[in-house]
Amino acid sequence: MLQIYQFPCLTDNYGFLIHDTESGATATIDTPDADEILRQAGAKGWRITDVWNTHWHPDHAGGNAAIKEKTGAKVTGPDEVRRIGASPDHVVDEGDVVKLGNLEARVLNVGGHTLGHIAYVFDDAKVAFVGDALFSLGCGRLFEGTPQQMWTSLQKIASLPDDVTLYCAHEYTQSNARFAVSIDQNNAALRERAAEIERLRSANKATVPMSLGQEKATNPFLRAPLLKGAIAMPNAQDWEAFAEIRSRKDNFKG
Ligand code: ZN
Ligand code: FE
């Protein structure tokens, strides 16, 4: 059975430890803060056997070397993780299957935030780790990829079953909600979610994870095809509407 333990890291990252109860194998999804991850694993009584990276950014792969040195963990991730000087032992990309003990996750390439960004999907447990590709009510900034590429990536996530639980790497939901409401004004489900987010955050609670179904109903990036009227681009391609919404978010002063 898959167990997941989530905890805050750095300013607004989340750490995730995933554990196979049968074999005892434990992976950290990304390595935002090696000391904190090792401390949390120790408190759970879990020994880290694996590091699974989503992309090369320092708040995702910066602790690889320290965790590897202290635990001997094997690093799995996209080739781009080399850029931060912590080459994966096992390079993976779209279509690969990664094993944690007896559990299997499928790799999706969800490039756009970085070119090689990947997500890990546990089909049986209906869980996906999406890093900085999709956030609750948001998506990653396009540092390396094109809007078309990112749109294709988001469609891969959106095509999973609605009851898949998504674990994203940052608690950005409250500011994402301000932008979402500004662009999708007549969406009742979004208003309800925004109110729930206010309640959760004022109680210092996480808004992550979230269900894909809920994101499809409320996330303005996934809803780009339905927001063409709202952004005055009725004849745009879906990816063009997505690109416009992404650039509005980049310039949003909420
Ligand atoms: Zn990132
Ligand atoms: Fe990040």
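Arg193 is buried in this predicted model, because its relative accessibility of 5% falls under the 20% cut-off. The residue belongs to helix 6, and its side chain comes within 3.4 Å of the backbone oxygen of Thr207. Who else surrounds Arg193? Setting aside neighbours within four places in sequence, Arg193 is in contact with Ser136, Leu137, Thr173, Thr207, Met210, Gln214, Glu215 and Thr218. Several of these names lead on to other parts of the model, so to speak, and they make a handy itinerary for the rest of this report.

**Helix 5 against helix 6**

Let us begin with Thr173, a contact of Arg193. Helix 5 covers residues 173-183 and helix 6 covers residues 188-202. Their axes lie 10 Å apart and make an angle of about 155°. Because that angle is over 145°, the two helices count as roughly antiparallel. Is their crossing left-handed or right-handed? Helix 5 and helix 6 cross in the left-handed sense.

If you would like to find the contact on screen, look on the helix 5 side for Thr173, Gln174, Ala177, Ala180 and Val181. Facing them from helix 6 are Leu190, Arg191, Arg193, Ala194, Ile197, Glu198 and Arg201. Sorted by class, the residues of this contact are six nonpolar, two polar and four charged.

**Two positive phi values**

Leu137 is another contact of Arg193, and its backbone is worth a look. Leu137 has a positive phi although it is not glycine, and Lys126 likewise has a positive phi without being a glycine. The table puts the two side by side.

| Residue | Phi | Loop | Relative accessibility |
|---|---|---|---|
| Lys126 | about 55° | strand 9 (118-122) to strand 10 (127-131) | 31% |
| Leu137 | near 65° | strand 11 (134-135) to strand 12 (138-139) | 0% |

Which of the classes buried, partly exposed or exposed does Lys126 fall into? With 31% relative accessibility, between the 20% and 50% cut-offs, Lys126 counts as partly exposed. Leu137, at 0%, is under 20% and therefore buried.

**A cis peptide bond**

The last stop is a backbone feature in the loop that follows helix 6. Val208 and Pro209 are joined by a cis peptide bond, with omega at about 5°. Pro209 sits in the loop between helix 6 and strand 14, the latter made of residues 210-211. Met210, which is also a contact of Arg193, brings us back to where we started.

Note on methods
Residues numbered from 1 in each chain as written. Chains lettered and ligands numbered in written order. Predicted model: local features only at pLDDT ≥ 70, side-chain atom pairs only at ≥ 80, totals over all residues. Heavy atoms only, no water. Axes fitted to C-alpha atoms, helices over the stretch in contact; angles between N-to-C directions. Helix = DSSP H or I, 4+ residues; strand = E, 2+ residues; numbered from the N terminus. Parallel < 35°, antiparallel > 145°, perpendicular 65-115°, else oblique. Left-handed = near helix turned anticlockwise from the far one by under 90°. Contact = heavy atoms within 4.5 Å. Nonpolar A, V, L, I, M, F, W, Y, C, P; charged D, E, K, R; others polar. Buried < 20%, exposed > 50% of the residue type's maximum accessible area, 1.4 Å probe, protein only. Polar contact = N/O pair within 3.5 Å; in protein donor to acceptor, adjacent residues only side chain to side chain.
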